[in-house]
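Colleague: Hey, I'm new to this one. Could you pull it up and walk me through it?

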Amino acid sequence: MNPFLNTAIKAARRAAAIINRASFDLDRVKFVEKSPNDFVTEVDQAAEQAIIEILTNAYPTHAFLAEETGASDNLNDDTENVWIIDPLDGTTNFIHGFPQYCVSIALQQRGVITQAVIYDPTRNDLFTASKGAGAYLNDKRLRVAKRDRLQDALIGTGFPFRNLQGLEEYIDMFRIMTQKCAGLRRPGSAALDLAYVAAGRLDGFFEKGLKPWDMAAGSLMITESGGIVGTFAGESDYLYKDEVIAGSPKIFAQMVAALGPFAK
């Protein structure tokens, strides 16, 4: 196993242990509202600190881009190695005891995502990927679903929740996709939804308003599973564009055709 990936798995499991302990007594978990409907808990913060500690001890010169602490001081345009971290994707689900959340860690090297880990502590599902070496779920090789018609596809999505910005646009997208696919699902953890696309549990996924830590790990898993990830216009520079469409090649193309008018 790639040593970077092995270290990321260790970090994800350490974070998951913190999350699992807290899940047994959610009434005692302290949280604050960063913005309307956008929460951060002491668990997010502790899990992120644990991840950064393990990665820093192993790779002291590497930089970080993490949801709660932001960019490390050594992150700049010339940084070769950047860890992109979401310590608890699906915090609102976690607070409510809804078992759909995960730890997401990716390594970006010279602008390319090369290693990825998404760990679902509620199901003990460990999704991993290394560029050029495939994607796996608990050591089983992943492939995107084989369905090739959007009308037969189960599609994941996320809708606006911060100040409800873009809600009207999303309602229009929801209307279009509801008419074109077999069903829409909104579980509430974009990173885990992307992993599900890689595993063939979802045929595709789309969402706006995302950050790099929501997409980085899952995007590598999808491409290593034979899928495609891009913007609503079908372009490859999605990571810092706040929007993503993902799916098997044929489903991806049909989703871009349907949602392209909503591209930035």
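Modeller: Sure, and keep in mind that this is a predicted model. Let's begin with helix 6: Pro212, Trp213, Asp214, Met215, Ala216, Ala217, Gly218, Ser219, Leu220, Met221, Ile222 and Glu224 are its buried residues.

Colleague: Why would you call helix 6 largely enclosed?

Modeller: Because 12 of its 13 residues are buried, helix 6 is largely enclosed by the rest of the structure.

Colleague: How far does helix 6 reach from its first C-alpha to its last?

Modeller: Helix 6 covers residues 212-224 and reaches 18 Å, close to the 18 Å expected at 1.5 Å a residue.

Colleague: And where does helix 6 bend?

Modeller: At glycine 218, by about 25 degrees. There's another glycine to look at just after the helix: glycine 226 takes a positive phi of about 95 degrees.

Colleague: OK, what about helix 5 and helix 6, at what angle do their axes cross?

Modeller: Roughly 5 degrees, and the axes come within 8 Å. With angles under 35 degrees counting as roughly parallel, that makes helix 5 roughly parallel to helix 6.

Colleague: Which residues make that contact?

Modeller: On the helix 5 side, Ala190, Ala191, Leu194, Ala195, Val197 and Ala198. Helix 6 brings Asp214, Met215, Gly218, Ser219, Met221 and Ile222.

Colleague: Switching to sheets. In what order do the strands of the eight-strand sheet come?

Modeller: The order is 4-3-5-6-7-8-9-10, in an open sheet with mixed pairing. Strand 4 (70-71) and strand 10 (140-141) are the edge strands, each pairing on one side only.

Colleague: How many bridges join strand 5 to strand 6?

Modeller: Seven, with strand 5 (residues 81-89) running antiparallel to strand 6. One pair to find there is isoleucine 84, whose bridge partner in strand 6 is alanine 106.

Colleague: Which strands of that sheet does helix 5 touch?

Modeller: Strand 5, strand 6, strand 7 and strand 8, and the helix direction makes about 100 degrees with that of strand 7. Helix 6 packs on this sheet too, touching strand 3 (63-66), strand 5, strand 6, strand 7, strand 8, strand 9 (134-137) and strand 10. The direction of helix 6 also makes about 100 degrees with that of strand 7.

Colleague: Strand 7 keeps coming up. Is strand 7 buried or exposed?

Modeller: Eight of the nine residues of strand 7 (residues 112-120) are buried, so the strand is largely enclosed by the rest of the structure.

Colleague: What does strand 7 form with strand 6?

Modeller: A hairpin with two residues between the strands, and arginine 110 in the turn has a positive phi of about 50 degrees. Their pairing is antiparallel over seven bridges, and leucine 107 sits opposite glutamine 115 in strand 7.

Colleague: And with strand 8?

Modeller: Another hairpin, with four residues between the strands; here asparagine 124 in the turn has a positive phi of about 55 degrees. Strand 8 (residues 125-130) runs antiparallel to strand 7 and is joined to it by six bridges.

Colleague: You mentioned helix 5. What's the strand order in the five-strand sheet?

Modeller: That open sheet goes 12-11-13-15-14, again with mixed pairing. Strand 12 (183-185) and strand 14 (228-230) are at the edges with a single partner strand each, so one side of each has no neighbour in the sheet. From one strand to the next, the twist averages 20 degrees. Helix 5 (residues 190-199) packs on this sheet, touching strand 11 (154-157), strand 13 and strand 15.

Definitions and conventions
Residues are numbered from 1 along each chain as its sequence is written. This is a predicted model: local features need pLDDT of at least 70, side-chain atom pairs count only at pLDDT 80 or more; totals for chains, interfaces and linings use all residues. Side-chain values use heavy atoms; hydrogens and water are left out. Two strands pair if DSSP finds at least two bridges between them. Axes are lines fitted to C-alpha atoms, for helices over the stretch in contact, and angles run from 0 to 180 degrees between N-to-C directions. Contact means heavy atoms within 4.5 Å. The expected span of a helix is 1.5 Å times one less than its number of residues. The bend at a residue is the angle between axes fitted to the seven residues ending there and the seven starting there. Buried means under 20% relative accessible area, exposed over 50%, partly exposed in between (1.4 Å probe, protein chains only). Angles under 35 degrees count as roughly parallel, over 145 as roughly antiparallel, 65 to 115 as roughly perpendicular and the rest as oblique.
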